[in-house]
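These are my notebook entries on one structure. I record what I looked up, entry by entry.

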Amino acid sequence: CLEPAVEARIDVTDLELANLESSLKTLNIETYRARQIYHWIHRRGATAFDGMTDLSRQLRNDLASRFKVSTPVITERQTSSDGTIKFALQLTDGHQIESVFIPETPRKTFCLSTQVGCAMQCTFCLTGKMGIIRNLSAGEIVGQVRVLTRELDLFEQPFNIVLMGMGEPLHNYDNTMQALRMLTCSYGQAVPLRRITLSTVGVLPALQRLASEPAMPNLAVSLHGTTEVQRNQLVPINRKYGLEELIATCQSFPLKRRSRITFEYVLIKNVNDSEDDARRLVKILSGMKAKVNVIPLNTASGIPFERPSKERINRFGKILARHQLTVSVRKSRGHDIRAACGQLMLENEKQRPLQQPKGRIKGLNN
């Protein structure tokens with residue numbers, strides 16, 4: 001029998017399978033139990049040990065005295081007229097994040113957050129106005145999937161994951177990579193890497209580190225500008241890691257035979273939507289295995305820009321297509337509930353004093 005130590009309980013949702021096996025081994029519990037526990041939590045949505053019915057009652061009690069199962073709590077659920085659903089989730093320390101479910105895109109898609117707030121301060125994005133509160137743990141990133149699959153009854157159904165919610169994934173590198181390993185674990189959600197996309201504005205030391213990862217998700221690079229001056233205005237981190245250096249890194253990024261990098265380009269009226277911008281974008285991406293997602297600006301109070309006209313959007317896209325670039329114009333989803341790209345923000349978090357995340361944030365300081 002294990003000795004109770006509630007105040008020092010380990011959060012099992014922050015452990016990869018191998019770490020959980022090691023923890024159980026030190027307690028003289030058979031390591032195969034780790035696979036059962038992992039399956040219950042990540043595949044079946046268990047939030048406590050007492051529901052894990054293929055474990056003995058004594059073992060469940062012993063586990064509860066040593067471990068805890070932290071799970072985000074849904075505090076608000078909003079449904080858009082187009083079927084998109086936005087969730088506000090409260091974490092164990094009281095901070096909140098937002099996650100989005102987008103149906104039929106063409107496959108169901110979860111848009112996950114990786115930080116509370118964001119340090120990148122992109123001028124067209126509401127999340128950047130929150131500042132950075134703290135990083136999410138790997139368990140909190142994965143926890144969004146656990147909660148949403150349970151809430152939407154999507155267990156055993158295929159879905160995509162995009163790390164495009166609140167925060168910059170590569171600014172929280174280690175926890176994000178751990179979360180990807182947990183999401184793809186065969187005893188957990190078992191999400192194939194080909195169904196996961198990581199979006200970054202270009203934190204170059206971390207992007208270069210990503211290139212050496214043994215298992216890599218799809219990559220989306222938020223470009224948004226075709227000159228250094230333009231991108232400096234829209235994406236302030238460009239002043240540290242410039243456009244030329246970012247493109248050079250992308251050109252050398254290792255890709256599988258059928259893979260390509262998606263470049264995201266938020267189209268803003270009279271800022272980056274000219275025919276000259278389109279032609280410069282063609283030149284920048286020349287020779288690369290690339291796809292361009294043109295994202296017409298999602299307007300909101302607090303964003304000092306306007307959305308281009310449909311004619312201007314179409315003209316921009318046609319110039320790219322004429323030069324043999326694969327291009328798609330992203331349809332805005334969830335705009336009426338402020339769930340679209342660049343619109344995630346929690347006012348109650350914005351008002352809190354900003355906190356430096358614990359530990360050194362990977363990427364900016366490398």
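**Entry 1: G128.** I began with G128, which is buried, with a relative accessible area of 11%. I use buried for under 20% relative accessible area, exposed for over 50%, and partly exposed for what lies in between (1.4 Å probe, protein chains only). G128 has its place in helix α4 (residues 126–129). I take helices (H or I, at least four residues) and strands (E, at least two) as DSSP runs, numbered from the N terminus. Not counting residues up to four places away in sequence, G128 touches C118 and Q121. Contact here means heavy atoms within 4.5 Å. I also looked up G128 against E21: the two are 107 residues apart in sequence and 39 Å apart in space, C-alpha to C-alpha.

**Basis of the entries.** The model is predicted, and local features need pLDDT of at least 70, side-chain atom pairs count only at pLDDT 80 or more, and totals for chains, interfaces and linings use all residues. Residues are numbered from 1 along each chain as its sequence is written, and side-chain values use heavy atoms, with hydrogens and water left out.

**Entry 2: salt bridges.** How many salt bridges does a search of the whole structure find? I noted 16. The term stands for a side-chain nitrogen of Lys or Arg within 4 Å of a carboxyl oxygen of Asp or Glu.

I looked at R181 and E16, whose side chains form a salt bridge at 2.9 Å, N to O. R181 lies in helix α6 (residues 173–184) and E16 in the loop between β1 (10–11) and α1 (17–26), so this pair ties together parts that are 165 residues apart in sequence. R181 is partly exposed at 42% relative accessible area, whereas E16 is buried at 19%.

I then turned to D82 and R333, which meet through their side chains in a salt bridge of 3.6 Å, N to O. D82 belongs to the loop between β3 (73–79) and β4 (85–90) and R333 to the loop between β14 (326–329) and α12 (347–350), so the parts tied together are 251 residues apart in sequence. D82 is partly exposed, with a relative accessible area of 29%; R333 counts as buried at 19%.

Next I recorded R315 and E275, with a salt bridge between their side chains at 3.1 Å, N to O. R315 sits in helix α11 (residues 310–322) and E275 in helix α10 (residues 275–284), so the pair ties together parts that are 40 residues apart in sequence. Both are partly exposed, R315 at 34% and E275 at 36%. E275, D276, R279 and R315 are joined into one network by salt bridges that share partners.

**Entry 3: nonpolar core.** Which residues have the most contacts inside the largest nonpolar core? I found I37, F124, F263 and L285, in a core of 110 residues. Such a core is a set of buried Ala, Val, Leu, Ile, Met, Phe, Trp, Tyr and Cys residues joined through side-chain atoms within 4.5 Å. With neighbours within four places in sequence left aside, F124 is in contact with H224, L234, V235, V266, I268, L297, I303, F305 and G342.

**Entry 4: strand β11.** Why is strand β11 (residues 218–222) largely enclosed by the rest of the structure? Four of its five residues are buried. Strand β10 (residues 196–200) runs parallel to β11, and four bridges join them; I count two strands as paired if DSSP finds at least two bridges between them. T197 has N218 in β11 as its bridge partner. β11 also pairs in the parallel sense with strand β12 (residues 261–267), over three bridges, and there V221 has F263 in β12 as its bridge partner. F263 is also among the core residues named in Entry 3.

I noted further that β10, helix α7 (residues 204–210) and β11 make a right-handed β-α-β unit. Right-handed means that, with the strands pointing away from the viewer, the path from the first strand over the helix to the second runs clockwise.

**Entry 5: A64.** I found A64 in helix α3 (residues 57–66), partly exposed at 30% relative accessible area. A64 is in contact with R9 and F49, leaving aside neighbours within four places in sequence. A64 and R9 are 55 residues apart in sequence and 8.3 Å apart in space, C-alpha to C-alpha.
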